[in-house]
Each structure stands twice: as structure tokens, then as C-alpha cells.
Amino acid sequence: MSLTVQNQLALLLDLLDEQQSECCAQVSEYQQIKRLVKSMMANNTITDEQLLQLLPEIYNYGRQGETIQNHEEHILTNKANLDNWISAIEQTGLQ
């Protein structure tokens, strides 16, 4: 059974929110972020223009997080981005 876009957005929101609040992450979480974003971009079912523009940024955040040595620093560096992404996902009303 595959996840709906709503399920994917809810999972993505949970991952980003947890990383932001706890300021830590596992490599597997970054990989999951990449998979979710890649799947949503491939499905072409998201119509929210702001979110569509942010998905590549979120994907790159996940890609960088896979190889970075200091996860806390990566999250802190992207704090403003995380705030923006979380807000954008929440505003879609899809989560």
C-alpha cells in the first residue's frame, strides 16, 4: 500500500518538526526526507505553488544531511528554512 500525498506530507512535517525541535537527526531520517520529496515531485499531485518551489530545497537539505558530520550544526544552519518549510506544509491543509 502506498502513502497518499496527505500521508507523505504529514510524515515529512513530523520529520522536519522533530529535527527542528530536538536539533538532532539520524542519517535514515535524511534518507526518508529525500524519498518522500522525490515521490511527491514524481507524482505531480501537489498543486500548492509555494510548496512546489520548496520541495527541491527540502530534498537538498536531506541530501546534505546524509553526508554531513555535524547534524546539530546542519539543523541550526537551516533553522530559518525549517521554519519556512514547516509553515508551508501546515498551510497546505493536507497534513
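Visitor: Where is histidine 74 placed?

Guide: In this predicted model, histidine 74 belongs to helix H4, which covers residues 71–77.

Visitor: What makes histidine 74 count as buried?

Guide: Its relative accessibility is 5%. Buried means under 20% relative accessible area, so histidine 74 is classed as buried.

Visitor: Which backbone oxygen does the side chain of histidine 74 reach?

Guide: The side chain of histidine 74 comes to 3.1 Å from the backbone oxygen of tyrosine 61. With neighbours within four places in sequence set aside, the contacts of histidine 74 are Tyr30, Tyr61, Gln64, Gly65 and Ile68.

Visitor: Why is H3 called oblique to H5?

Guide: Helix H3 (residues 49–67) and helix H5 (residues 79–92) pack at an angle of about 140°, and their axes are 10 Å apart. Angles over 145 degrees count as roughly antiparallel, and 65 to 115 as roughly perpendicular. The angle of about 140° falls in neither range, and H3 is therefore oblique to H5. The crossing of the two helices is left-handed.

Visitor: Which residues make the contact of H3 with H5?

Guide: H3 contributes Gln50, Leu51, Leu54, Glu57, Ile58 and Tyr61, while H5 contributes Leu82, Asn84, Trp85, Ala88, Ile89, Gln91 and Thr92. By class, the residues of this contact are eight nonpolar, four polar and one charged.

Visitor: Why is aspartate 48 called partly exposed?

Guide: Aspartate 48 has a relative accessible area of 27%. Buried requires under 20% and exposed over 50%, so aspartate 48 is partly exposed. Aspartate 48 is located in the loop between helix H2 (27–43) and H3. A polar atom of the aspartate 48 side chain lies 3.2 Å from the backbone nitrogen of glutamine 50.

Visitor: How far apart are aspartate 48 and glutamine 64 in sequence and in space?

Guide: Aspartate 48 and glutamine 64 are separated by 16 residues in sequence and by 25 Å in space, C-alpha to C-alpha.

Visitor: What is notable about phi of cysteine 23?

Guide: Most residues other than glycine have a negative phi. Cysteine 23 is not a glycine, yet its phi is positive, near 55°. Cysteine 23 sits in the loop between helix H1 (5–22) and H2. At 17% relative accessibility, which is under 20%, cysteine 23 counts as buried.

Visitor: Is asparagine 44 buried or exposed, and how do you know?

Guide: The relative accessibility of asparagine 44 is 66%. Exposed means over 50%, and asparagine 44 therefore counts as exposed. Asparagine 44 lies in the loop between H2 and H3, and has a positive phi of about 55° although it is not a glycine.

How values were computed: Residues numbered from 1 in each chain as written. Predicted model: local features only at pLDDT ≥ 70, side-chain atom pairs only at ≥ 80, totals over all residues. Heavy atoms only, no water. Axes fitted to C-alpha atoms, helices over the stretch in contact; angles between N-to-C directions. Helix = DSSP H or I, 4+ residues; strand = E, 2+ residues; numbered from the N terminus. Parallel < 35°, antiparallel > 145°, perpendicular 65-115°, else oblique. Left-handed = near helix turned anticlockwise from the far one by under 90°. Contact = heavy atoms within 4.5 Å. Nonpolar A, V, L, I, M, F, W, Y, C, P; charged D, E, K, R; others polar. Buried < 20%, exposed > 50% of the residue type's maximum accessible area, 1.4 Å probe, protein only. Polar contact = N/O pair within 3.5 Å; in protein donor to acceptor, adjacent residues only side chain to side chain.
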